[in-house]
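This report introduces a structure to a reader who has not met it before. Please view the sequence and the model first; the description follows.

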Amino acid sequence: MDLASVTDGDTIAVSVGGGMEPVRLVGVDARESGGPYQGIECFGPEGAQYLAWLLGRGGQVFIEKDLEERDRFGRLLRWVWLDRGDGEV
């Protein structure tokens, strides 16, 4: 699994098995930063920028399955962990 991109403050795209999958981060609820179904909400773009900065600092990204496989939009529901090799995840 490789991080491909940040969609917004609570959604990323990962490459899995040669394909791309949207992943909704469990435990994170960020404002919308636009898209086909939502308009831009206050601080939505900032949330997406922060997540891109955080995940772009380097390290290994891990995803862990939640109780449900997908949300109503078809995104994988996953806990996302970032291990930067400094003893904290």
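Cys 42 is placed in the loop between β3 and α1; helices (H or I, at least four residues) and strands (E, at least two) are DSSP runs, numbered from the N terminus. The model is a predicted one, in which local features need pLDDT of at least 70 and side-chain atom pairs count only at pLDDT 80 or more, while totals for chains, interfaces and linings use all residues. Residues are numbered from 1 along each chain as its sequence is written, and side-chain values use heavy atoms, with hydrogens and water left out.

Two loop residues may be set side by side. Burial is given by relative accessible area: buried is under 20%, exposed over 50%, and partly exposed in between (1.4 Å probe, protein chains only).

| Residue | Loop | Relative accessible area | Class |
|---|---|---|---|
| Cys 42 | between β3 and α1 | 52% | exposed |
| Asp 10 | between β1 (2-8) and β2 (11-16) | 2% | buried |

The C-alpha atom of Cys 42 is separated by 8.0 Å from that of Glu 32, ten residues apart along the chain.

Asp 10 has a side chain that reaches the backbone nitrogen of Ala 30 at 3.1 Å. This belongs with the polar contacts (a pair of N or O atoms within 3.5 Å; within protein, one must be able to donate a hydrogen and the other to accept it, and residues adjacent in sequence count only if both atoms are side-chain atoms). Neighbours within four places in sequence aside, the contacts of Asp 10 (heavy atoms within 4.5 Å) include Val 23, Asp 29 and Leu 51.

The strands form an open sheet of five, ordered β1-β2-β3-β5-β4 with mixed pairing; two strands pair if DSSP finds at least two bridges between them. At the edges are β1 and β4 (60-70), each pairing on one side only. Between β1 and β2 the pairing is antiparallel, over five bridges, and Leu 3 has Val 14 in β2 as its bridge partner.

Helix α1 (residues 44-55) lies across β1, β2, β3 (19-25), β4 and β5 (76-83) and runs at about 160° to β1. Axes here are lines fitted to C-alpha atoms, for helices over the stretch in contact, and angles run from 0 to 180 degrees between N-to-C directions. Gly 44, Ala 48, Leu 51 and Leu 55 are buried in α1. Seen down the helix axis, the buried residues of α1 fall within an arc of 65°, so they line one face; the arc is that of the directions from the helix axis to the C-beta atoms. Their cover includes β1, β2, β3, β4 and β5.
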